[in-house]
Amino acid sequence: MLKLHPNYGFNTLAVHSGSAPDPSTGARTFPIYQTAAYVFDDADHAASLYNLQSPGFIYSRLANPTVAALEEKLATLEGGRGGTATSSGHAAEIIALFPLMAPGMEVIVADKLYGGTINLMGKSFQKFGWKAIFVDTEDPESFQSAITDKTRAIFIENLANPGGIVTDLEEIVKIANGAGVPLIVDNTLATPFLSQPLEWGADIVVHSTTKYLSGQGNALGGIVIDSGNFPWLGNQKYPSLSSPSAEYNGLIFSETFGDLAYTMYNHAVSLRDLGCTQSPMNAWLTLNGVETLPLRMERHCSNGLALAEFLEKHQNVEWVSHAGLKSSPYFKLGKKYFPNGTGSLFSFGVKGGYESGIKLLESVELFSHVANLGDTRSLILHPSSTTHRQLTKDQQIASGAGPEVVRLSVGIECVEDLIADIDQALNNLR
Ligand SMILES: Cc1ncc(COP(=O)(O)O)c(C=O)c1O
C-alpha cells in the first residue's frame, strides 16, 4: 500500500502526493470524478454535511474528489495547510482576497505584475468596493508607507510577469507582519519547484495552474494555498473568519476549523457563492502535469538562461531582463530566492521598438505567438500589443511592458533549435 513519508523529497511528492491508488477499483491513475452531485446516506447525513459538521462531498461547485486531490498535491508541494482550486488564476486572486476584503477596504499591490492582474485589481475590484493601492515592487518602503487601518492584505508576484524581476520577499514579509495583514504571493512563474514563499513567511500563495503546473497549455485553472499560520481567531479585521456565521448556525470559522479556517471558508462560502470552481477534467490534467514538474522546470530554466545569454550578445537586442544573467540588477536576489533557476519567462528589448517587436513575432518559425506561458512549447509575445494593451502607456512601462519589449516563455525543446530560430528572426529585422 502506498505510504508517503513526511521526509520524502520534492520529486517524490510531486508524483505521489494527493493521488493514491483508487481504493474501490485499484486504478493507479487518479480517477476523474465527473459528477455534479453526491448521494446523501440519509437526511441526517445531508444535514451534517450542510452544517459543516462532517467532511464529505455535497455538490461539485464546493468540492469534488479529483479537484481535492489536486488541492492536496499542491498544498503539500507548497508546504501549506490547505488549498482551494479555482477555474482560473484570476479566479484564484479573487478567492484569495474574498475572505479578507469588504467594501472600502484596501489591498496593497506591487506594480510589477501580470497585466491582467493590474486590470482586475485596478479596475474591476472597484465594482466590489475594494481598493487596490499600487506601490513600487522594487521599493519595500513604498509598501510600508501605503499601510493604513483599512489595509487587509498585501499582494505581490515573487518572480514578476513579464519576467526577470525578483521581489525582495523577506522585506515584504516583515512589512506584512508588522502591519498584521496577510501577504499573498503569486508564485505562478516560479512554481513550488523553484520557490516556496510560505517557507519565507508569506501567508497565502496563489497560482495560475494554467501555466507550468499543468505544463502543456491544455487546462485553465488556479489555486489558493493557505499556510494555516495567520492568526484569524478573535481578529476583528477579518470578521468573515472571526465572527459568528449566521448561515452556518453561528459557527466561527477560526474557532471551529483552526488552521483550516481560511480554506474551509473558501470552499463553504467563496466557491459556493462565486462559483468559480475548477472542473474535474482540468484538475485531472493538472494532477498529471505536476508529476513531471521538476523535470520540466530544470529544462525550462536551462533553456531559458541559454537563450537569454545568446540574446544579450545579439546586435539587434537592446537589453535582456533575466534574473539569471550576471548583468541583471536582480541577479543577487535571484540567487537568494531561486537557487535552482529563475524560470523560463523573460523579456528583452528589441532595437526598433514597437514595429520591430511585431515583425519579430511574424518571423519566428518554432516559437508560437501565444498569450500564454509555461507551456512545453516555446512561446513569444509582444505584451504592449496584447496582454498589456488595455493599460495606459505609463502602466505598460511601469509593469515592464513598454513598446520594445518582447516576452519569451522558453519551452523544453532542443535549445540549439530555439537559438537558431530567434537568431534568424532577429537578423530578418534589418
Ligand atoms: C503571474 C500570473 N498570475 C495570474 C495569471 C492569470 O491566470 P489565468 O490566465 O489562469 O486566469 C497569469 C496569466 O498569465 C499570470 O501570468
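**Notebook: a sheet, a ligand shell and two helix pairs**

I started at one rung of the sheet: phenylalanine 346 has leucine 408, in strand 14, as its bridge partner. Worth noting at once that this is a predicted model.

**Entry 1, strand 14.** I wanted to know who sits beside this strand. Strand 11 (residues 345-350) is joined to strand 14 by 5 bridges, and the two run antiparallel. I then looked for another neighbour and found strand 13 (residues 379-381), also antiparallel to strand 14, with 3 bridges between them. Here leucine 381 stands opposite arginine 407 of strand 14.

Next I asked myself: is strand 14 mostly covered or mostly open? Mostly covered, I found, as 5 of its 5 residues (405-409) are buried. I checked the faces separately. One side carries Val405, Arg407 and Ser409, the other Val406 and Leu408, and all of them are buried. That split fits a rule I keep in mind: in a regular strand, side chains alternate between the two faces of the sheet.

**Entry 2, the whole sheet.** I traced the order of the strands. There are 5 of them, arranged 10-11-14-13-12 in an open sheet with mixed pairing. Strand 10 (317-321) and strand 12 (368-369) are the edges; each has a single partner strand, so one side of each has no neighbour in the sheet. I looked closer at the strand 10 edge. Its pairing with strand 11 is antiparallel and runs over 4 bridges. In one of these pairs valine 320 has phenylalanine 348 of strand 11 as its bridge partner. Something also packs on the sheet: helix 15 (residues 353-363) touches strands 11, 12, 13 and 14, and its direction makes about 125° with that of strand 11.

**Entry 3, around the ligand.** I listed what surrounds the ligand. Which of the 15 residues around it come nearest? They are Ser88, Gly89, Tyr114, Ser208 and Thr210. Two elements give two or more residues to this shell, namely helix 4 (89-97) and helix 5 (115-128). I sorted the shell by class and got 10 polar, 3 nonpolar and 2 charged residues.

Helix 4 made me curious, and I checked how covered it is. The result is 9 buried residues out of 9. Gly89, noted above as one of the residues nearest the ligand, is on that buried list, and so are His90 and Glu93.

**Entry 4, helix 3 and helix 12.** I moved on to helix packing. Helix 3 (residues 65-78) and helix 12 (residues 280-291) have axes that come within 8 Å and cross at roughly 35°. The crossing is left-handed. On the helix 3 side I noted Thr66, Val67, Ala69, Leu70 and Lys73; helix 12 brings Pro280, Ala283, Trp284, Thr286, Leu287 and Val290. By class, the contact has 8 nonpolar, 2 polar and 1 charged.

**Entry 5, helix 13 and helix 17.** I looked up one more pair. The axes of helix 13 (residues 293-312) and helix 17 (residues 415-427) are 10 Å apart, and the helices pack at an angle of about 35°. This time the crossing is right-handed. Asn303, Ala306, Leu307 and Phe310 of helix 13 meet Val415, Leu418, Ile419 and Ile422 of helix 17. The contact counts 7 nonpolar, 1 polar and no charged residues. The numbering made me recall that an α-helix has 3.6 residues a turn, so residues three or four places apart point the same way.

Technical notes: Residues numbered from 1 in each chain as written. Predicted model: local features only at pLDDT ≥ 70, side-chain atom pairs only at ≥ 80, totals over all residues. Axes fitted to C-alpha atoms, helices over the stretch in contact; angles between N-to-C directions. Left-handed = near helix turned anticlockwise from the far one by under 90°. Contact = placed C-beta atoms within 7 Å. Nonpolar A, V, L, I, M, F, W, Y, C, P; charged D, E, K, R; others polar. Buried ≥ 20, exposed ≤ 12 C-beta atoms within 10 Å, placed from the backbone. Pairing = 2+ DSSP bridges. Near = placed C-beta within 6 Å.
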